[in-house]
Protein chains: 2
Amino acid sequence: MKLITRNTDYALRALCYIAKRKNIVAVDELVKKLGVPRPFMRKILQQLNKAGILVSYKGQGGGFRLKVNPEKIYLFQIMRVFQGKVGLSGCFLKKDICPNKGECVLRKKIHSIEADVLRQLKRVNIASLV
Amino acid sequence: MKLITRNTDYALRALCYIAKRKNIVAVDELVKKLGVPRPFMRKILQQLNKAGILVSYKGQGGGFRLKVNPEKIYLFQIMRVFQGKVGLSGCFLKKDICPNKGECVLRKKIHSIEADVLRQLKRVNIASLV
DNA sequence: TGTAATGATACCATATTAGTATCATTTGTC
DNA sequence: GACAAATGATACTAATATGGTATCATTACA
């Protein structure tokens, strides 16, 4: 079981690096510093751009910078970009078969753990990682 | 992102059912009650047997029963059977590239969240779900 | 106008998850 | 002892998610 996938991990490290540099950073620099395959890094940065976490500049001297302060970028957000909605599981049983529909204790328990995890993921921001 | 996979979920429900019945339960009964595909359910129960969570009886009138009290079977255990060791992520960067080897803030944060999740998963037992 | 950058998109490879199929083994019952 | 009802073991298949690659289009600075 893995909570954090590779692209989330790379994204976090790229964001930390960009946050430290406090400047526009091009893919090439990130690739050299982090050792991530170039096309993969590009894809990740483009996704972060689309998600409104980075701003991109095209053309010579272009690259990426943070759109908002690193205090305002949360682990939770990044995970959502690359791993979709965070959730423990839906109910896998067909609705009419589940023995205690609506009142499923299992789901309740699971949801409370989920909520807790989310609370923590929302507390970790990029600034705290730099 | 999904913390709990389908087989873990099915396993939990099967265990709850068996716990309630307080008797030997055959696959057929579980399949009928839970609506899980028979061969898949069989596989899951066999894995639980191997993991020492269930005891099996062969032959006519055979089936499965819990090996220990439902208070002593934890969500954490079941997840480990079907989803392997619970962990957020290893470090994906090659050791000599990672900028702050040994002292990686990201990993530390992640590990503390992980520890917390585990603590909660270890607290949920089958009895509390029945 | 050339070139250094990103944008968009489609594709490929591998791993994991979900499930099936089949035959072997055990055991209660007649 | 034979048969049937159960699980054990194992190998296979299908679908989805993950981890990438490849390529061409677009933008913008010099």
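A residue is called buried here if 20 or more other C-beta atoms lie within 10 Å of its own, and exposed if 12 or fewer do. The model is predicted. With that cut-off in hand, start in chain B.

Helix H4 of chain B runs over residues 75-83. Four of its residues are buried: B:Leu75, B:Ile78, B:Met79 and B:Phe82. An α-helix has 3.6 residues a turn, so residues three or four places apart point the same way. The four buried residues cover an arc of only 100° around the axis, so they sit on the same side of H4(B). What do the buried residues of H4(B) pack against? Their partners are helix H1 (6-21) and helix H5 (105-121) of chain B. After H4(B) comes B:Gly84, with a positive phi near 70°.

Now bring in the second copy. Two copies of a chain are related by a rotation about an axis and a shift along it. Here, a turn of 180° and a shift of 0.0 Å along the axis lay chain A on chain B with an RMSD of 0.1 Å. The two copies are therefore related as by a two-fold rotation axis. Which residue of chain A comes closest to that axis? It is A:Val117, whose C-alpha is at 3.4 Å. Both copies use the same surface, as 100% of the contact residues of chain A recur in chain B.

The contact between the chains involves 33 residues of chain A and 33 residues of chain B. On the chain A side, H1, helix H4 (75-83) and helix H5 (105-123) each give two or more residues. H5(A) gives the most, with nine residues. By class, this side of chain A has 20 nonpolar, six polar and seven charged residues.

Turn next to the DNA. Strand D is surrounded by 27 residues. The closest are A:Thr5, A:Arg6, A:Pro37, A:Gly59 and B:Ser56. Both chains supply elements to this surface. From chain A, helix H1 (6-21) and helix H3 (38-50) each supply at least two residues. From chain B, helix H2 (27-34), helix H3 (38-50) and strand E2 (63-66) do so. H3(B) has the largest share, four residues. The surface near strand D has six nonpolar, 14 polar and seven charged residues.

Strand C has 26 residues around it. The closest are A:Ser56, B:Thr5, B:Arg6, B:Pro37 and B:Gly59. For this strand, chain A brings helix H2 (27-34), H3 and E2, while chain B brings H1 and H3; each supplies at least two residues. The largest share, four residues, comes from H3(A). The class counts for the surface near strand C are six nonpolar, 13 polar and seven charged residues.

One of the residues closest to strand D, A:Gly59, leads to a hairpin. E1(A) and E2(A) pair in the antiparallel sense over four bridges. A:Leu54 has A:Leu66 in E2(A) as its bridge partner. Five residues lie between the strands of the hairpin, and A:Gly59 takes a positive phi near 75°. A:Gln60 lies in the loop between strand E1 (54-57) and strand E2 (63-66) of chain A. Is A:Gln60 buried or exposed? A:Gln60 counts as exposed, because it has 6 C-beta neighbours inside 10 Å. A:Gln60 and A:Ala26 are 34 residues apart in sequence, and their C-alpha atoms are 9.9 Å apart in space.

Definitions and conventions. Residues are numbered from 1 along each chain as its sequence is written. Chains are lettered from A and ligands numbered from 1 in the order in which they are written. This is a predicted model: local features need pLDDT of at least 70, side-chain atom pairs count only at pLDDT 80 or more; totals for chains, interfaces and linings use all residues. A residue is near a molecule or strand if its C-beta atom, placed from the backbone, lies within 6 Å of it. Ala, Val, Leu, Ile, Met, Phe, Trp, Tyr, Cys and Pro count as nonpolar, Asp, Glu, Lys and Arg as charged, and the others, Gly among them, as polar. Copies are superposed by least squares on the C-alpha atoms of residues with pLDDT of at least 70 in both. Two residues are in contact if their C-beta atoms, placed from the backbone, lie within 7 Å. The arc is that of the directions from the helix axis to the C-beta atoms. Two strands pair if DSSP finds at least two bridges between them.
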